[in-house]
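Biologist: I should like to learn how the features of a protein model are read. May we go through them one at a time?

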Amino acid sequence: MVGGGPAGAATAIALCRLGIPCVVLETQTTAYKPGETIPPNAYPVFRQLGIEYILQDHRHIRSVGNTVIWGQDQVQDRAFLAEPHGDGFHINRPYFEKQLRWSAERIGTQWLAGWTFIDCQEEPDHVSITCTDADGARMVITAAFVVDASGRSAILARKVGSQRKSLDRLTGYFTKWAPLPKTLANMTFIEATQDGWWYAASVSNQHLALNFMTDADLQEINATQLPQWLTDKLQETVYLRTHLATSHGQPFATVHAKPASTSHLDQLAGRLWLAVGDAACTYDPLTSYGITAALGSSLYAAMAIKDQLMGNPEAMDAYRYVQQTTFNQCLGMLQNQYNLEQRWPESAFWKRRQVNVSQAG
């Protein structure tokens, strides 16, 4: 397993439950990861993986619904009261990833933290994976199959010739906000503006994760300008700014930027490898499908690997079909959601959403 994020850890868990031992290579990183919302319909995936208990930890905050300003100026509250699986969760992302690792190790996964994938060589009946640690030590691992769970970089898939196709330039500009407004404590907040849309969700009992989603090429700003730029963008909101009034107009202390585009690999799998999670497909955050897709695809990946190792020649084709079908269905839902917003017909950002998503696939 190349990558120890949610997709890598979940695939390791699924494989171990099928009796297939695995090794995870995790390149340690200090990159800040904002919190995310787990929707109620993701709960069955957690249950299938046998990890539903991790959501009950007090570090994750229960999400009871969404507050939305989209397609109209009025605020809409959409509670999860009718959801058969109950509430969603605002997860503490760093701790969530630790929980997944502990769960994987508990059932037999060998976890190699601090090791980086360098190369792979495919032989008739196995794959040789070369990796290195921070001190420069090299190691070669022989495996019957290898999984690329390295996120958007898809380092293994690109090594064997696969290329990523992006459908847009969506980028998330995010920061932390404290103190946490009580009005937003247990809700996921989404507000569309002329140049993009905002997402806010609590990541702890004290902090809010605040994200502005727009196209990077439409916002020509350097890193030093980001805090003031994002502060100015907040003033363009109708509802959110009333809950997050900045003190005397002072800019945010720190702002990070992270790609959030919808994309997929042109080749999701080969004879002795496959890509899972963000390495295979990435989803617009509006879908709330990122981690859900990562965990869900791990189940299909594990079954495909088992079938492949048992000699089923159609295993990888079936995996490709499932991934592509899911991706296309998500594009359809995304198109419908973006079509609801018609208030800024001359905005470059919204014009693209009417064109790019409908032409994808």
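**Reading the model, feature by feature**

Modeller: Let us begin with a single residue: A154 is buried, with a relative accessible area of 0%. Please bear in mind throughout that this is a predicted model.

Biologist: Where does A154 lie, and what is notable about the phi angle of A154?

Modeller: A154 belongs to the loop between β11 and α4 (155–159). Its phi is near 45°, a positive value in a residue other than glycine.

Biologist: What is the phi of S288, and is S288 buried or partly exposed?

Modeller: S288 has a phi near 55°, again a positive value in a residue other than glycine. This residue sits in the loop between β20 (281–282) and α7 (290–309). With a relative accessible area of 34%, S288 is partly exposed, whereas A154 is buried.

Biologist: Let us turn to the whole chain. How many helices and strands does the protein chain have?

Modeller: There are nine helices and 20 strands in the protein chain.

Biologist: Which radius of gyration would a compact globule of 361 residues have, and what is the value for the protein chain?

Modeller: The general idea is to compare the chain with a globule of equal residue count. A compact globule with 361 residues would have a radius of gyration near 21 Å, and the protein chain, at 21 Å, agrees with this. Along the principal axes, the C-alpha atoms fill a box of roughly 65 × 45 × 45 Å.

Biologist: What percentage of the residues is buried, and how much area does the protein chain expose?

Modeller: Of the 361 residues in the protein chain, 52% are buried. The exposed area is about 16500 Å², and carbon and sulfur atoms supply 50% of it.

Biologist: Among contacts between residues at least 6 apart in sequence, what percentage joins residues at least 24 apart?

Modeller: The figure is 69% for the protein chain. V146 offers a local illustration. This residue is in strand β11 (residues 146–148) and counts as buried, at 3% relative accessibility. Leaving aside residues up to four places away in sequence, V146 touches V2, V127, I129, L156, L272, W273 and L274. The C-alpha atoms of V146 and R271 are separated by 10.0 Å, although these residues are 125 residues apart along the chain.

Biologist: How should I read a sheet? What is the strand order in the open sheet that contains β6?

Modeller: In a regular strand the side chains alternate between the two faces of the sheet. Here, an open sheet of three strands has the order β2-β6-β3, and the pairing is antiparallel. β2 (36–38) and β3 (61–63) are the edge strands; each has a single partner strand, so one side of each lacks a neighbour in the sheet. Direction ignored, neighbouring strands of this sheet are turned by 35° against each other on average. β2 is joined to the antiparallel strand β6 (residues 88–91) by three bridges, and the bridge partner of T37 in β6 is H90.

Biologist: What is the order of the open sheet that contains β9?

Modeller: The order is β8-β9-β10, in an open sheet of three strands with antiparallel pairing. Its edges are β8 (116–122) and β10 (138–143), each with a single partner strand, so one side of each is left without a neighbour in the sheet. From one strand to the next, the twist averages 25°. Six bridges connect β8 with the antiparallel strand β9 (residues 127–132), where V127 stands opposite E122.

Biologist: How many residues of strand β13 are buried, and which strands does β13 bridge to?

Modeller: Seven of the eight residues of β13 (residues 170–177) are buried, so the strand is mostly covered. Eight bridges join β13 to β16 (residues 208–215), running antiparallel, and there Y173 has F212 as its bridge partner. Four further bridges link β13 to β17 (residues 256–259), also antiparallel, with F174 opposite H256.

Biologist: Finally, how many disulfides does a search of the whole structure find?

Modeller: A disulfide is a covalent bond between the sulfur atoms of two cysteines. The search finds zero disulfides. For C16, the closest cysteine sulfur is in C22, at 4.1 Å, too far for a bond. C16 counts as buried, at 16% relative accessibility.

Biologist: Which cysteine sulfur is closest to that of C120?

Modeller: The closest is in C131, at 12 Å, too far for a bond. C120 is buried, with a relative accessible area of 12%.

Terms used. Residues numbered from 1 in each chain as written. Predicted model: local features only at pLDDT ≥ 70, side-chain atom pairs only at ≥ 80, totals over all residues. Heavy atoms only, no water. Pairing = 2+ DSSP bridges. Helix = DSSP H or I, 4+ residues; strand = E, 2+ residues; numbered from the N terminus. Axes fitted to C-alpha atoms, helices over the stretch in contact; angles between N-to-C directions. Rg over C-alpha atoms; globule rule 2.2 N^0.38 Å. Buried < 20%, exposed > 50% of the residue type's maximum accessible area, 1.4 Å probe, protein only. Contact = heavy atoms within 4.5 Å. Areas by Shrake-Rupley, 256 points an atom, 1.4 Å probe, with all protein chains shown as cover. Disulfide = S-S within 2.5 Å.
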